[in-house]
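Biologist: I would like to learn how to read contacts, burial, strand pairing and cores from a set of coordinates. Could we go through them one at a time?

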Amino acid sequence: MQTLEELNEEFFCNVDQIAADLLTGFGLKHSGDVDGLHVPLLRWMDFRLRTIDPRPRQIYASDRFPKLLDEPVASALRSLERAIRNGDDINPFQSKGLLRSDSSGKKRSERTDLLWADWGIHHLHLAEASTDDYFSARGDFLLFAMFGADAALLIDILPHSGDSLLFAREDLIRVVARNWPAVIEPFELKGMLALEREATDGDRKVLRKSGLDAPLVIDGKAYFSPGGGVTSASTPGTVNNAMSKLRRNVRALAQEVLEPGGQFLTAVPEERRQACYFSMQLTPRGVAVYERSTDRAWVFPDAKFDGTDTFFAEISDALSPLWVRRAIQDAMERAKNEPNAT
C-alpha cells in the first residue's frame, strides 16, 4: 500500500494527466512555450473558470441597461435571456478566445480574457448561434455581464467596434458597484487611503497587459480586483488560487483514502490491503478514486454551491462538472457510432 507521500505524488500526477487529457478533448490551445506556464492544469483551470456553467439563473439588469434596442439586437438578447433562464449552454456567445487563449503562449495579451481576470465580467456576442460552428457569429454589440451560481447580472450592452479601450472602461465596474454593492464589498481594502491620481482606462489596459493590477477607486474607497486580478505573468490570479485550492483538496483526499476506518480502505479485504494501489481517474461518470487490486472506483459527488460542499465535490467541480461529463459521454457515443468502430 502507498505511503501518504507516495499517494500525494500519485494523485498530483493523475491530476496533471487528467488536465492534459481535457485540453486535448476540448481542443484547447496549449503550446507550452513558456517555462513555468506550461502546466496543463493552468490552462485547464482558465478554461474551466471562464466557462459559464449551464444552469438556470435569475436575471437582474442594471440601471444602465438599455431599454430600447434595434430589433436584430433585441431579438438576439431575448434568445440569450431565455437560454440563461432555462440553464442552456450560453458559452457559444463568448469569444473564440475561450478555446484559442493559451496561458502557456508567448503573447501575454492572449493568455486569458483580461476583463474577466480583472473584474470577473464576461462579454457575450449578441448574435444568432451558428449552425455549423460551436460559436455564434461575432455580433455588432456585446453584452457585459457577471454570472453567479444562480444569478446573471446584466451590466450593459455596448457596440463591439470603434473603442480600443472597450474592455478596460471603468464605467463597467462602477455600474456593478452602484447596482449590486454586495458584489464588490468583499474586495474593499479597509483602511487604505484612495490615491490622489486614479488610473485611467488607458493606464488600466497597459497595466493589465503587463501583468500589473491597476488600483480601483470608487466613491473614495479602494478595492482590489473583484475578478482576482492578473499575475505578473498576465494570467488570472483567480486561476492560481483555484489551482492551490485543488492541490489542498487533493492532499486532503490522500489522507482520507489512507484513513484506516475510512470508506476506501474498509472496502478492500484486509488480507489485500498491503497490495492495494489507489489513483485518480476521469471516468464518464466523473472524476473518481480507483483501486487497482479490487478494480473498484468511487465517483465524486457534484457541487451544490450551497455552503455544504466537501472537498470531494470541489475536486469534482474543478475537473468534471456536468458539462464535462456530458462532453465525454457524447464523444464516446459518437465513437461507438462511427462506421469503423469495433
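Modeller: Let us begin with the idea of contact, which here means heavy atoms within 4.5 Å. Please keep in mind throughout that this is a predicted model.

Biologist: Which residues does Arg48 touch, not counting residues up to four places away in sequence?

Modeller: Arg48, which is found in helix α2, touches Asp53, Asp317, Ala318, Pro321 and Trp323 once those sequence neighbours are set aside. Two of these partners can be described in finer detail, since a polar contact of 3.0 Å joins the side chains of Arg48 and Asp53, while the backbone oxygen of Asp317 lies 2.8 Å from a polar atom of the Arg48 side chain.

Biologist: Is Arg48 buried or exposed?

Modeller: A residue is called buried when its relative accessible area is under 20%. Arg48 has 4% relative accessibility and therefore counts as buried.

Biologist: Where is Ser320, and what is it in contact with beyond its neighbours within four places in sequence?

Modeller: Ser320 sits in the loop between α10 (311–319) and α11 (322–337), and because its relative accessibility is 0%, Ser320 counts as buried. With neighbours within four places left aside, Ser320 is in contact with Leu282, Gly286, Val287, Ile315 and Arg325. A similar reading applies to Asn8 in helix α1 (residues 4–25), which counts as buried because its relative accessibility is 16%, and which touches Val250, Arg251 and Ala254 under the exclusion of residues up to four places away in sequence.

Biologist: How should I read strand pairing, and why is strand β3 largely enclosed by the rest of the structure?

Modeller: Two strands are taken to pair if at least two bridges are found between them. Strand β2 (residues 122–125) and β3 pair in the antiparallel sense over four bridges, with Leu143 in β3 as the bridge partner of Leu124. On the pairing with strand β4 (residues 151–159), seven bridges join β3 to β4, and these strands also run antiparallel; there, Phe144 has Asp156 in β4 as its bridge partner. β3 and β4 form a hairpin with three residues between them. As for the enclosure, six of the seven residues of β3 (residues 141–147) are buried, so this strand is largely enclosed by the rest of the structure.

Biologist: Which residues of the largest nonpolar core touch the most other members?

Modeller: A nonpolar core gathers buried residues of nonpolar kinds that are joined through side-chain atoms within 4.5 Å. The largest one here has 48 residues, of which Phe11, Trp44, Leu253, Phe278, Ile315 and Leu319 touch the most other members. The elements giving two or more residues to this core include α1, α9 (237–257), β7 (278–283) and β8 (286–291), and the largest share, eight residues, comes from α9. Beyond its neighbours within four places in sequence, Phe278 is in contact with a list of residues that includes Leu7, Phe11, Val257, Val289 and Trp298.

Biologist: How many disulfides are there?

Modeller: A disulfide requires a pair of cysteine sulfur atoms within 2.5 Å, and by this rule the count comes to zero. Cys13 is in no disulfide, and the nearest cysteine sulfur, that of Cys276, is 18 Å away. Cys13 is partly exposed, with a relative accessible area of 45%, whereas Cys276 is buried at 2%.

Key
Residues numbered from 1 in each chain as written. Predicted model: local features only at pLDDT ≥ 70, side-chain atom pairs only at ≥ 80, totals over all residues. Heavy atoms only, no water. Buried < 20%, exposed > 50% of the residue type's maximum accessible area, 1.4 Å probe, protein only. Polar contact = N/O pair within 3.5 Å; in protein donor to acceptor, adjacent residues only side chain to side chain.
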